[in-house]
Amino acid sequence: MVKFNEFLIAKCINVIYRLIPQYTLVAVSEVLLWVANVAFAYTQSPQSMKSVMTAAVYMTVAFGSFIVFLISGLNLFSSQVYELLFYACLMFIDTIIFGILAVRYKYIDVDNHAINNEGDA
């Protein structure tokens with residue numbers, strides 16, 4: 001017969017093996033997206049606005065974390081499934097908005113922009 005302590009240890013190890021890949025994947029994806037966001041904000045902003053745009057990237061991350069904190073803390077949903085579906089719907093709406101903005105965006109070629117600015121100075 002299995003003792004209770006052995007069962008508890010086996011169950012904890014099982015959970016750990018499932019959580020380690022999830023946290024690793026989330027950490028790697030956040031690092032990759034963070035670098036891309038900061039690089040885009042820094043290269044596509046005017047010289048006088050680079051620090052403001054970098055701060056805007058930090059503020060969007062903080063605002064997103066605040067939304068998750070607020071919704072989770074208020075316990076608006078009876079089940080976690082509904083809460084996760086709500087987050088998925090928010091992400092879908094954000095994806096549509098960012099897709100529309102991306103189609104309309106006029107990309108600034110950093111190399112040509114730097115050459116033209118040096119000629120003006």
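Student: In this predicted model, what makes the link between the side chain of Ser 45 and the backbone oxygen of Tyr 42 a polar contact?

Tutor: The side chain of Ser 45 reaches the backbone oxygen of Tyr 42 at 3.4 Å, and because a polar contact is a pair of N or O atoms within 3.5 Å, one able to donate a hydrogen and the other to accept it, the pair qualifies. A polar atom of the side chain of Ser 45 also lies 2.9 Å from the backbone oxygen of Ala 41.

Student: Where does Ser 45 sit, and which residues does Ser 45 touch, not counting those up to four places away in sequence?

Tutor: Ser 45 has its place in the loop between α1 and α2, and, with residues up to four places away in sequence left out, Ser 45 touches Lys 50 and Met 53.

Student: How do you know whether Ser 45 is buried or exposed?

Tutor: The relative accessible area of Ser 45 is 9%, and buried means under 20%, so Ser 45 is called buried. Of the 121 residues of the protein, 7% count as buried, and within α2 the residues Lys 50, Thr 54, Val 57 and Ile 71 are buried.

Student: How do you know that the end-to-end span of α2 agrees with what a helix should have?

Tutor: At 1.5 Å a residue, the 25 residues of α2 should span 36 Å, and the end C-alpha atoms of α2 are 36 Å apart, so the two values agree. The protein as a whole has four helices and zero strands.

Student: What is noteworthy about the phi of Asn 75, the residue that follows α2?

Tutor: Asn 75 is not a glycine, although its phi is positive, at about 50 degrees. Most residues other than glycine have a negative phi.

Student: Why is Asn 75 called exposed rather than buried?

Tutor: Asn 75, which is found in the loop between α2 and α3, has a relative accessibility of 61%, and exposed means over 50%, so Asn 75 counts as exposed.

Student: How much space lies in the largest pocket, and what makes up its lining?

Tutor: About 1800 Å³ of space lies in the largest pocket, and of the 31 residues that line the pocket, the closest to its centre are Asn 37, Thr 60, Val 61, Met 91 and Phe 98. By class, the lining has 20 nonpolar, nine polar and two charged residues, and α1, α2 and α3 each supply at least two residues of the lining.

How values were computed:
Residues numbered from 1 in each chain as written. Predicted model: local features only at pLDDT ≥ 70, side-chain atom pairs only at ≥ 80, totals over all residues. Heavy atoms only, no water. 1 Å grid on protein atoms, 1.4 Å probe; cavity = no way out; pocket = protein on both sides within 12 Å on 5 of 7 lines; lining within 4 Å. Points joined across faces, edges and corners; volume = space filled by probe spheres on them. Nonpolar A, V, L, I, M, F, W, Y, C, P; charged D, E, K, R; others polar. Buried < 20%, exposed > 50% of the residue type's maximum accessible area, 1.4 Å probe, protein only. Contact = heavy atoms within 4.5 Å. Expected span 1.5 Å × (residues − 1).
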